[in-house]
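Here are my notes for you to read alongside the model. Take them one point at a time and keep the 3D view open.

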Amino acid sequence: MDPQQIRQGIDGLGPWFYAHDFGNGLKTTPLIPPQVVGIHDTRLAMVEAAVAQQFGGRARGLDCIDIGCHEGFYSVAMARHGMNVTGLDAREENLERARFVADASGFPGIDFRKGRVETLAADEGRAYALTLFLGVLYHVEDPMLCLRQVAAVTGELCLIETQVVDEVEGFTEWGAQEWTRSYKGILALVDESGEFHAGNRETGVTPMATCPSPKALIFMLRQAGFARAEILTPPPGAYEQHARGKRVVCAAWK
Ligand SMILES: C[S@@+](CC[C@H](N)C(=O)[O-])C[C@H]1O[C@@H](n2cnc3c(N)ncnc32)[C@H](O)[C@@H]1O
């Protein structure tokens, strides 16, 4: 793509969610407020660190799927490592932007297609060494269904980024006063109908969302079929929500 085509794409496809930088001063201005833009620096740094630790020099040529890829920000980042990247999203309007971003970034080979995480395993019918499930879990209404689907297509490592709710610890009676079970974390039910009906491009495919606590996230990942799952430590200077543990990046291994 020449600079004029990139400029036309930037102007014609906006507004943008991310700060995409195509070089030579060609960049998009994100819609999100300036104090939140840094969220992507932290997430990207954490994803990059986890990918480097897991794959090191063997990243080139590996298969990666970016589930809920939006404008392809993280898909392009993985393509920069030489991975074969598939970007999947429920919204065609996001995919249109993602295709432009990939082309303008010099990665026209990224395969962006429409799909839903809820039917991922049957739709894909194969595994990817790396699965990215960033910023999606807390927008879906059936998190276990989705995590089972994500686990089914993960060959080696899955990176999950999500908002989390405060932990709730305790026991519940379970059939009789003296019989109890411990909580393994909680799931909050969240009403996203305002954003959903306003046409927001970041919500799930239904107005109802769920948000796990950290312990629930780990428990669900294990139940979904991951051998091990761990919440990663944010780097110094991380975005304030990651620093306070209100959002987490979690690694889950098959
Ligand atoms: C909050 S954005 C996160 C985008 C990106 N992964 C990131 O972390 O910056 C959620 C994205 O997931 C997509 N999405 C929401 N629900 C989905 C579903 N059930 N299946 C596939 N994509 C979905 C949305 O269209 C949107 O692009």
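1. A quick bit of vocabulary to start: a residue counts as near a molecule if one of its heavy atoms lies within 4 Å of that molecule. Also keep in mind that you're looking at a predicted model.

2. So who surrounds the ligand? There are 23 residues around the ligand, and the ones that come nearest are Y18, R43, G68, D89 and L134. If you sort the shell around the ligand by class, you get 7 nonpolar, 9 polar and 7 charged residues.

3. Now zoom in on some individual atoms. R43 puts a polar side-chain atom 2.7 Å from an oxygen atom of the ligand. E118 also uses its side chain: one of its polar atoms there lies 2.8 Å from a ligand nitrogen atom. With G68 it's the backbone that matters, since a polar backbone atom of G68 is 2.6 Å from a nitrogen atom of the ligand. As for cover, the ligand on its own has 600 Å² of accessible area, and the protein covers 98% of that.

4. Where does the ligand sit? The space it takes is the largest pocket. That pocket has a volume of about 830 Å³. Its lining is made up of 44 residues, and those nearest the centre of the pocket are G135, V136, Y138, H139 and E202.

5. Which elements build that lining? Those that give two or more residues to the lining of the largest pocket are the helix α3 (39–55) and the strands β1 (63–67) and β2 (84–89). Of these, α3 gives the most, with 3 residues. By class, the lining of the largest pocket has 21 nonpolar, 12 polar and 11 charged residues.

6. Don't skip the second largest pocket, which has a volume of about 210 Å³. It is lined by 13 residues, and M46, A49, A50, Q53 and L232 are the closest to its centre. Two elements give two or more residues to this lining, namely α3 and β11 (247–253). The largest share comes from α3, with 6 residues. So α3 is worth highlighting in your viewer: it gives the most to the lining of the largest pocket and has the largest share in the lining of the second largest pocket. As for classes, the lining of the second largest pocket has 9 nonpolar residues, 3 polar ones and 1 charged one.

7. Last, two backbone details to look up. Which two residues does a cis peptide bond join? They are G14 and P15, and omega is about 0 degrees there. P15 lies in the loop between α1 (3–13) and α2 (34–37). N24 is also found in the loop between α1 and α2. N24 isn't a glycine, yet it has a positive phi of about 50 degrees.

Methods:
Residues numbered from 1 in each chain as written. Predicted model: local features only at pLDDT ≥ 70, side-chain atom pairs only at ≥ 80, totals over all residues. Heavy atoms only, no water. Polar contact = N/O pair within 3.5 Å; in protein donor to acceptor, adjacent residues only side chain to side chain. Areas by Shrake-Rupley, 256 points an atom, 1.4 Å probe, with all protein chains shown as cover. 1 Å grid on protein atoms, 1.4 Å probe; cavity = no way out; pocket = protein on both sides within 12 Å on 5 of 7 lines; lining within 4 Å. Sits in = over half its atoms within 2 Å of the grid points. Nonpolar A, V, L, I, M, F, W, Y, C, P; charged D, E, K, R; others polar. Points joined across faces, edges and corners; volume = space filled by probe spheres on them. Helix = DSSP H or I, 4+ residues; strand = E, 2+ residues; numbered from the N terminus.
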